[in-house]
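Trainee: I'd like to learn how to read strands, cores and salt bridges off a model. Can we walk through one together?

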Amino acid sequence: MAPASRPRRAPGGLAPDQRAELLLGALVCGVLLLVLALVVFVFREAWPSFARNGLRWFGPGGNPDQQIEAIFTSSDLLRKPVYTFHAWPIVWGTLLCTVGAVCLSFVAALFVAVFVVEFAPEWIRRVLEPVVRLLASVPSVIFGLLGVLVLVPFVGRHVITNDARRSVAYVVSLSGYSLLAGVVILSLMISPLMIAVFSDGLRAVPRGWLEGSLGLGINRWRTFWKIGVRTARPALVAGTVLATARALGETVMLAMVTGGVSFAPNPADGLIFFVEPTRPLAATILQTAEELTSSPMRHTIFAMAAVLLFSAALLSLAGWAAKQPMRKYGARP
Amino acid sequence: MTTRTTALLGVVAALAVPIAAPAASHAATVFGSGSSAMQPYFDALAAGYKKVDRHATFVYNPDGGNAGARDVQQGKSAFALQTRPPLPSDSGLSYSKLFLDGLCVAVNPANSLRGLSIGQVRDIFLGNVTAWQQVGSNLNAPISAFGRNSTAGLYTFFQSAVLDGATQATNVTQLDTDGEVAVAVARNQAGIGYVGLASSGPGSGVKRLKLGGQPCQASAIKTLKYPLSRYGWIVLPARHPNRTATRFADWVRTSYAAGQIIAKAGAVPAFNATHPPKKPKKRARKRT
């Protein structure tokens, strides 16, 4: 038996494998440092706004649009900088848009994924899968244009009544630019991502488990729902986390269709609540970014960015925590 | 020199040509930014200027009038187009009037209303008047008001000229561009919005209202009788302005050709020559 040959060493004294390991390790460390630098930079820029407002930054009080105007005009000559900002309507708008869209698209995406993986005839599957992939890659501005030209006028004409408009006319204008328009289009945007991840998770369920259940005489729907979907729960969590992150950061489309007013839709208004305008955090950053050169405005904008960044980190953590109890089922995450 | 070195130099030279070529061809590219309401005029004028200087290429980013002025202050843009007069915060900038424009108040064509007073427009955009019948319209519906967000130069002008410095009400839907306001009004029977002259012309789907009895038209704007007449401004750095941008600004302000383009694009030429320059007569050759 020939002795195993030793790995060839480079002139520097390192084996090719070690070199690759070091290089990749350095690359990963570089990326981590970059992320860390990004977080530090965002929070450092955001700090003056948080420090001057405290926890009231997240609370209600006044009209944020007027506050924004006061903040950026305060950087003009001979004026004291103003930092007062109470972001509750904007934070509430972000929560509503994100949670609404994720709930709506989760149900739709789950049923579509189950259909595609288990019940769809081969020819439908061949059509559906590329369509879903195409939908996932459509730029958000196209969805925004569709919203402005089709959905917003439709909601304005056919969903909102004149009585509803009159009832809130002194506070807010119900013109079709609304939470509903934002949620519906956002659902359309994030559903393909969910469908893709859910489908992969459902396909990974071992066939033997399903066949065992079918062999016991249990019908296909019940088998797939009880075993397939249950086993694929980590994938459902992963898909939902990814889609929520996309929804949270969506900017252009929401700036185009939600009405651009920092107003907190009020559930106590009844059904009108859904057609009230709002403006989420990312859209607010986009609309106020013109004023980045004003120092207090820059700190306020970075404070909003820091909230988004923190939410995204929290979301990843929540996703990881949600997957932990599911490990006992032995399904692949 | 060895053959290998010669070959290497040849390859380097061959690679250098395509890398250097774009730099040379972009020598006359001038970056500008500013008002989105001024973009339709700028596009038409920049296309027309090609006949004067075919090497001049302009890239315009409509990021808002106020942002454009700041871009010039920071040296990011060679020029900015602006719809409001200079403010104390515009230090280090030189403002020049280019042409006249009107900020029109527009409604949906389904609205029978022909005109409003400045006071009525103020009441609508401050949320004091919320029903069309309160201002004598045929519509039995609440008003849907559309405007620009607070960082737009157009809003700054509207705020000072109409709202007396007050902030527009929460019941005004705030949109990002002039075109979006026009589309929103065109698609909403109860809509009203303030838009630039170019975005409210024929084909835009909106109807311009008379303000204080004066139509939002070139004739009333040129004589400054229309209350929301305003100048379109070019903003250049006070020191060392870009030569191409300066020449372009002079051409826009004074030339007959630019005046024709401005009028065609929907604005009103203010300082342009009214007659085309006379062509120099050719001398008749004496026959010998």
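Mentor: Happy to. Let's begin with pairing: two strands count as paired if DSSP finds at least two bridges between them. Keep in mind that this is a predicted model.

Trainee: Okay, let's try strand β6 of chain B. Which residue stands opposite B:Ser144 in β8(B)?

Mentor: That's B:Gly191. The strand β8 in question covers residues 191-196 of chain B, and β6(B) pairs with it in the parallel sense over three bridges.

Trainee: And how many bridges join β6(B) to strand β7 of chain B?

Mentor: Four, and those two strands run parallel as well. Here β7(B) is residues 172-175, and B:Val172 in that strand faces B:Ala145.

Trainee: What kind of unit do β6(B), helix α5 of chain B and β7(B) make?

Mentor: A right-handed β-α-β unit, with the helix spanning residues 153-161.

Trainee: Now the side chains. Which residues of β6(B) point one way, and which the other?

Mentor: B:Ser144, B:Phe146 and B:Arg148 go to one side, B:Ala145 and B:Gly147 to the other. Whichever way they point, all of them are buried. So that you can read the label: buried means under 20% relative accessible area. The strand, residues 144-148, has five of its five residues in that class.

Trainee: Let's move on to cores. How many residues are in the largest nonpolar core, and which have the most contacts inside it?

Mentor: The largest nonpolar core has 63 residues, and B:Phe79, B:Phe125 and B:Ile192 have the most contacts inside it. Strand β4 of chain B, residues 93-107, gives the most to this core, with seven residues. Apart from it lies another core, of 47 residues. Members of that other core include A:Val114, A:Ile190, A:Val205 and B:Leu175.

Trainee: Last topic, charges. How many salt bridges does the structure hold over all chains?

Mentor: Twelve. When you read one, look at the N–O distance, then at where the partners sit, then at their exposure. Take A:Arg220 and A:Glu118, whose closest N and O atoms are 3.8 Å apart. The cut-off is 4 Å, so a pair at that distance is counted.

Trainee: Why does the pair tie together parts that are 102 residues apart in sequence?

Mentor: Because A:Arg220 lies in helix α9 (residues 220-231) of chain A and A:Glu118 in helix α3 (residues 88-119) of chain A. As for exposure, A:Arg220 is partly exposed at 42% relative accessible area, while A:Glu118 is buried at 11%.

Trainee: How far apart are the closest N and O atoms of A:Arg203 and A:Glu129?

Mentor: They are 2.3 Å apart in that salt bridge. The pair links helix α7 (residues 179-203) of chain A, home of A:Arg203, with helix α4 (residues 122-136) of chain A, home of A:Glu129, 74 residues apart. A:Arg203 counts as partly exposed at 40% relative accessibility, and A:Glu129 counts as partly exposed at 26%.

Trainee: Then there's B:Asp164. Where does B:Asp164 lie, and where is B:Arg122?

Mentor: B:Asp164 is in the loop between α5 and β7 of chain B, and B:Arg122 is in helix α4 (residues 118-125) of chain B, 42 residues apart. Their salt bridge has its closest N and O atoms 3.4 Å apart. B:Asp164 is exposed at 57%, whereas B:Arg122 is partly exposed at 23%.

Trainee: Which residues do salt bridges that share partners join into one network?

Mentor: A:Glu118, A:Arg207 and A:Arg220.

Terms used. Residues are numbered from 1 along each chain as its sequence is written. Chains are lettered from A and ligands numbered from 1 in the order in which they are written. This is a predicted model: local features need pLDDT of at least 70, side-chain atom pairs count only at pLDDT 80 or more; totals for chains, interfaces and linings use all residues. Side-chain values use heavy atoms; hydrogens and water are left out. A nonpolar core is a set of buried Ala, Val, Leu, Ile, Met, Phe, Trp, Tyr and Cys residues joined through side-chain atoms within 4.5 Å. Buried means under 20% relative accessible area, exposed over 50%, partly exposed in between (1.4 Å probe, protein chains only). A crossover is right-handed if, with the strands pointing away from the viewer, the path from the first strand over the helix to the second runs clockwise. A salt bridge is a side-chain nitrogen of Lys or Arg within 4 Å of a carboxyl oxygen of Asp or Glu.
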